[in-house]
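Good morning, and thank you for joining. Please look at the sequence and the structure on the screen before I continue.

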Amino acid sequence: MTHAMLKGSNVPLDATTVRAVLRWAPGQGVPPVDASALLLGPDGRVRSDEDFVFYNQPRHPSGKVWLLGKKRLAEGPTDTIQTDLAGVESDISQILVVASAEGATFDQVRDLRILLYDASVADGEPLAYFDIKPETGAETALICGELYRRGEGWKFRATGEGYADGLQGLATDFGITVDESDPEEPAAQPLPPEQPAQSATSVPTQPAYGYPQPTTPPATVPASGYGYPQPVAPVPVQAGEFRMPPQGPQFIGR
């Protein structure tokens with residue numbers, strides 16, 4: 001029998017290994033939802049950062065709580081956490097099942113539901129489900145439900161408690177240490193090899209066309225003017241007279 005749960009209600013669990021499946025409706029602009037879990041001690045806090053199971057740490061060191069990952073089913077996309085309740089360490093009293101939407105709010109996520117399955121039964125009906133309704137729509141993380149010890153067994157409670165400061169804010173509330181240091185700057189790109197400087201007065205070893213190349217004189221600034229070399233006065237030419245330009249090297253043919 002499948003229990004349709006209301007917020008705050010609870011059901012006992014006979015299964016020793018359970019799958020908690022988060023499912024939501026697909027659609028244009030709907031952000032992906034990430035499942036995570038927090039393992040809490042009797043004081044309601046984690047023992048260390050290792051008690052946080054999420055996308056960057058998908059398996060608890062004990063091996064008893066782990067992410068199964070996302071799937072795309074006909075009913076909608078899912079993300080799943082599986083827990084071996086029989087093997088959970090004795091000083092863990094609660095396991096929170098959390099949903100988060102990175103960079104988005106839950107008013108963009110439609111028909112969010114958590115379903116609990118007995119993992120030992122293939123294709124079995126869910127033991128229970130809970131439709132999660134964000135209270136404000138501004139939440140970026142939600143505690144969907146909690147697995148908790150009761151005597152020698154376990155129970156599941158429908159929670160639906162929201163956080164507006166995301167998975168980081170939620171995790172911090174339960175004792176997770178969040179590194180808020182600035183991200184490392186990207187490594188500087190190597191500069192191209194330095195090219196050897198060429199002298200302004202250097203002359204190529206092999207002159208072009210058999211003539212030495214003209215050297216570039218250093219810039220000179222006259223005593224007056226605007227910093228430009230003064231023009232050279234042209235040589236006067238008599239009427240009817242044609243002057244040849246200064247000749248280069250003379251070549252005598254046979």
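I shall begin with the overall make-up of the chain and then turn to its cores and to one strand residue.

Please bear in mind that this is a predicted model. The chain holds 12 strands and one helix. Reading from the N terminus, the strands come in succession and the helix follows them at the end.

How much of the chain is buried? Of its 254 residues, 35% count as buried. The exposed area comes to about 17,100 Å², with 53% of it supplied by carbon and sulfur atoms. As for contacts with a separation of 6 or more, 66% of those in the chain join residues 24 or more positions apart.

Let me move to the interior. The largest nonpolar core has 39 residues, and the members that touch the most others are Ile-95, Phe-106, Leu-112, Ile-114, Leu-147 and Phe-156. Another core, of 15 residues, lies apart from it and includes Leu-40, Phe-54, Val-98 and Ala-141.

Consider Leu-147 in detail. Leaving out residues up to four places away in sequence, Leu-147 touches, among others, Leu-13, Val-18, Thr-83, Leu-116 and Trp-154. Gln-94 is also one of the residues that Leu-147 touches.

Where does Gln-94 lie? Gln-94 belongs to strand S8, which spans residues 94–100. With which side chain does the side chain of Gln-94 make a polar contact? The partner is the side chain of Glu-146, at 2.7 Å. Beyond its neighbours within four places in sequence, Gln-94 is in contact with residues including Leu-38, Leu-39, Leu-40, Gly-44 and Tyr-148.

Thank you for your attention.

How values were computed
Residues are numbered from 1 along each chain as its sequence is written. This is a predicted model: local features need pLDDT of at least 70, side-chain atom pairs count only at pLDDT 80 or more; totals for chains, interfaces and linings use all residues. Side-chain values use heavy atoms; hydrogens and water are left out. Helices (H or I, at least four residues) and strands (E, at least two) are DSSP runs, numbered from the N terminus. Buried means under 20% relative accessible area, exposed over 50%, partly exposed in between (1.4 Å probe, protein chains only). Contact means heavy atoms within 4.5 Å. Accessible areas come from the Shrake-Rupley method with a 1.4 Å probe; for residues, only the protein chains shown count as cover. A nonpolar core is a set of buried Ala, Val, Leu, Ile, Met, Phe, Trp, Tyr and Cys residues joined through side-chain atoms within 4.5 Å. A polar contact is a pair of N or O atoms within 3.5 Å; within protein, one must be able to donate a hydrogen and the other to accept it, and residues adjacent in sequence count only if both atoms are side-chain atoms.
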